Amino acid sequence: MPSERPSVRGVSGVGRYAGAAPPTRVQVSINPNDGSKKEEVEEGGCRSWFRKMCPCCCEPQASNSYDVTDKVEVVPFTPVADKDPPKFIPLTNGNEMEEVKLCVRAVDLLSSQSGQNRTEHHTDAFHGDELVLRRGQAFQIQLELSRPYNQDTDSMHLDLKTGPLPIVSKGTHIIVPLVDDLEDDRWEAKIVEQIGNTVKLSVNSTPKAVVGVYALSVTTCSAKGGDVTVHEAGKKVVMLFNPWCEDDSVFLDDDDERNEYVLNDTGRIYYGTEKQIGARTWNFGQFQEGILEACLFLLEKSEIAPAGRWDPINVVRVISAMINAQDDYGVLIGNWSGDYSDGTSPAAWSSSVDILKQYHEADGTPVAYGQCWVFSGVTNTVLRCLGIPARSVTNFQSAHDTDVSLTTDVYLDEEMEPINHLNKDSVWNFHVWNDCWMARPDLPPGHGGWQAVDSTPQETSQGTFRCGPASINAIRAGQVFLKYDTPFVFAEVNSDKIYWQRNLDGTFAQIYSEKKAVGHFISTKAVGSDERADITKLYKHSEDSEEERISVETASRYGSKPDTYSVALAEDVKVEVTMDGEGPHMGADAHLSIKVKNLSSSPRSTALHSQASVMYYTGVLKGTVKKETLTIHLLADEEKTIDWVLPYQLYQDQLVDQAAMMLTLSGRVSETQQVLAHQTTFRLRTPDLEVKPVGDAQVGKEMSAKISFTNPLPRTLQGVVIRVEGLGLQKGHKVVVGDVGANSTVRVTEHFVPTQPGLKKLVVSLDCKQMSQVHGVADILVLEA
């Protein structure tokens, strides 16, 4: 406001000030950042007089807070006749400040995307100008007051409230006092700058603050315990976990790993078989517009009370349940049937962004459809968005233990044929879950760090389809008695495959154990590159080592079959299956090699039964496509290699998602009655989409990319759709291609205008009923405009 006002002099006293101007009505039009309505401010003659007496204390409102338009109307006043001249009546005790009420006119959260708060808290990548903070770290806000703050007589504090019923004792209503010096690990505020009516506060938060959305208000009180005023800030405050804060339980002490596991919005997810590992690029997109809101919405829909959201253990366990829709209307519906006609094929997704936005915009209606890598990709997005370091992890030959035996059991009849209705345990070609990083104060020392969490609905945990967090250190040591769901994850990575044969009386006898059947090439994206990192040694000791056997036997004692390892087995004939190069390709005959070796000094002979089946990648068999029996005679120390062939004609009409197959070998050595049993999985490789950028990559400048694909099959692909997405390059969309003839090549040119500088990835995937897991990616370095 201007420092002087028009006044009327030489009239009788009005109010406390004899001879002061009569009341002046000031119409103030305020256009704040939060879009609030116009307000009317009454200013009396005392205020006008005080401005003249002390202009330094009544400076104009800061122009960067709001625009002010004054409309001053001076109303004539008819004086009452008075014989005596006007007299000046001073304020009580000479203290003018006591008579001016202290209140907050405006709150600036200093929340701009490029401002100090957002950059220091590593939240500047989030879209919008909301104040997004990480707990346990100071932030600043700025207040516009009705007059200068007097630290000797005035008082002020902040209130932060979250949840439907904020309570101080629950940590959901936080009272932040004003102090002279800030201390760590507590909610406090300090004035760090004061210019006239403007005050800047530095605010500390505790590293155990509840994660979520807060409403902020400022309470002020004038001198001598005068009137209390409360001002509600127009914007909300969002609090996240803080891997940069040493006292936060998700603290990760490595800049490169924080950049990878919290800030990187793209990654790699691995699939296939242990001998044919495939990789696909996935857009996590945790900083994309609308994703933070979707993740916070997911927390609101979950069963977790606001008071429990300070603990990442609770949050991760709830997220594991909410990503699947099995029993709580979570994000994704799982579908392994092969029929996705009323939704989107799991293999067609390459991003979490569309999934989470669709779920949020539909007010929590589950999205169709997902399988393990989709569940993992979305889980990774939510955890990174909330500030919990996370990565997608793929386990090849991943066991699914259904009876808590901590073994993978295979039942055979008297003729060594599988008994399908008893074989409930399975081994998936691959399974994708997540690791997340946190301390585990609820477990004995040494079990913090990486924790396994799985959102794919397989088995219930405490009545809900969820899994984890399970300490990887506990899994490695076989300490399956430690929570959460450690036995299930242990069986996935380190159970032995036990073969049981039915006797004539209906009982079963253990006839063979395969010690290296599961848990191979456990993989995740390497830090700072697109290379595959093998983390198998984090989950299990080296195969055949004494430590690994102790771990297995320790775990088995807590399973439903604790006496499994009391049987001694002979092992003088070995069976192994190998393949050349990258293995068989879809559209051609599949060639594998069966190697049988006699380790004894005496001849051995066996009848080896082989059975090839089409298999879902989860380990569920669809049907048998080839069976035969091989008679093998071995001399002492002899090894033989048999070329095994699966013709294209036998499998062409039988394939399901992932084009996975299982070859089962079983037999008995005539001389020793040793049982030979071996299962191997392989997939028929599909070609990659070729993606080639064309033109200069620069923000605001149009460029293009050429996409090509050749159908490897001697048959037409029907209803081909190509999906294209690139964060900062191109919004996700579909390109309908239609039918692609046998051995034909399709070419598509995409035109787009980059919107963000830096190294970006254009991700492309192909979707059709006859072929899945066809995808491609191009790295594009976008320059500034």
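This report walks through several loops, a helix, two sheets and a pocket of a predicted model.

## Two aspartates in loops

Asp 401 belongs to the loop that runs between strand 17 (390-400) and strand 18 (408-412). Its relative accessibility is 5%, and because buried means under 20%, Asp 401 counts as buried. The side chain of Asp 401 is placed beside the backbone of its own loop: a polar atom of this side chain lies 3.3 Å from the backbone nitrogen of Asp 403, and the side chain also reaches the backbone nitrogen of Ser 405 at 3.2 Å. When residues up to four places away in sequence are left out of the count, Asp 401 touches Leu 406, Thr 407, Asp 425, Phe 488 and Ala 491.

Asp 442 is found in another loop, the one between strand 19 (426-438) and strand 20 (449-454). With a relative accessible area of 32%, Asp 442 is partly exposed. Its side chain is joined to the side chain of Arg 440 by a polar contact of 2.9 Å. Leaving aside residues up to four places away in sequence, the residues that Asp 442 touches are Ile 313, Lys 483 and Tyr 484. Of these, Ile 313 is 129 residues apart from Asp 442 along the chain, and yet the C-alpha atoms of the two are separated by 9.2 Å.

## Helix 9 and its cover

How many of the nine residues of helix 9 (residues 486-494) are buried? Eight of them are, and the helix is therefore described as mostly covered, given that buried means under 20% relative accessible area. The buried residues are Thr 486, Phe 488, Val 489, Phe 490, Ala 491, Glu 492, Val 493 and Asn 494. Two members of this list, Phe 488 and Ala 491, have already appeared above, as residues touched by Asp 401.

## A buried arginine and an exposed serine

Is Arg 466 buried or exposed? Arg 466 is buried, with a relative accessible area of 9%, and its place is in the loop between strand 22 (464-465) and strand 23 (467-471). Not counting residues up to four places away in sequence, Arg 466 touches Glu 303, Arg 317, Ser 320, Ala 321, Asp 454, Glu 459, Ser 461 and Asp 485.

Ser 114 offers a contrast, for at 66% relative accessibility it counts as exposed. Ser 114 is found in the loop between strand 4 (104-108) and helix 2 (116-120). The C-alpha atom of Ser 114 is separated by 9.0 Å from that of Asp 129, a residue 15 places apart from it along the chain.

## The sheet of strands 35, 36 and 39

Three strands make up an open sheet in the order 35-36-39, and their pairing is antiparallel. Strand 35 (690-694) and strand 39 (745-752) stand at the edges, and because each has a single partner strand, one side of each is left without a neighbour in the sheet. On average, and with direction ignored, neighbouring strands of this sheet are turned by 20° against each other.

Strand 36 (residues 703-710) is joined to strand 39 by eight bridges, and the two run antiparallel. As an example of how residues are matched across this pair, Lys 706 has Thr 749 in strand 39 as its bridge partner.

## A second sheet and the pocket

Another open sheet is formed by three strands in the order 28-29-32, again with antiparallel pairing. Here the edge strands are strand 28 and strand 32 (639-646), each of which pairs on one side only. Neighbouring strands of this sheet are turned by 20° against each other on average, direction ignored. Strand 28 and strand 29 pair in the antiparallel sense over six bridges, and Val 575 stands opposite Val 596 in strand 29.

Val 575 also takes part in the description of a pocket. Rolling a probe the size of a water molecule over the atoms shows where empty space is left. The second largest pocket has a volume of about 920 Å³. It is lined by 36 residues, and the closest to its centre are Glu 514, Lys 516, Ala 517, Val 575 and His 678. Several elements each supply at least two residues of the lining, among them strand 25 (508-514), strand 26 (520-525), helix 10 (536-539), strand 28 (573-578) and strand 29 (590-598). Which strand gives the most to this lining? That is strand 34, with six residues.

Key: Residues are numbered from 1 along each chain as its sequence is written. This is a predicted model: local features need pLDDT of at least 70, side-chain atom pairs count only at pLDDT 80 or more; totals for chains, interfaces and linings use all residues. Side-chain values use heavy atoms; hydrogens and water are left out. Helices (H or I, at least four residues) and strands (E, at least two) are DSSP runs, numbered from the N terminus. Buried means under 20% relative accessible area, exposed over 50%, partly exposed in between (1.4 Å probe, protein chains only). Contact means heavy atoms within 4.5 Å. Two strands pair if DSSP finds at least two bridges between them. Axes are lines fitted to C-alpha atoms, for helices over the stretch in contact, and angles run from 0 to 180 degrees between N-to-C directions. A polar contact is a pair of N or O atoms within 3.5 Å; within protein, one must be able to donate a hydrogen and the other to accept it, and residues adjacent in sequence count only if both atoms are side-chain atoms. On a 1 Å grid over the protein atoms alone, a cavity is a set of points where a 1.4 Å probe fits but cannot get out, and a pocket is an open set with protein on both sides within 12 Å along at least five of seven lines; lining residues have an atom within 4 Å of a point. Grid points are joined across faces, edges and corners, and a volume is the space filled by probe spheres set on the points.
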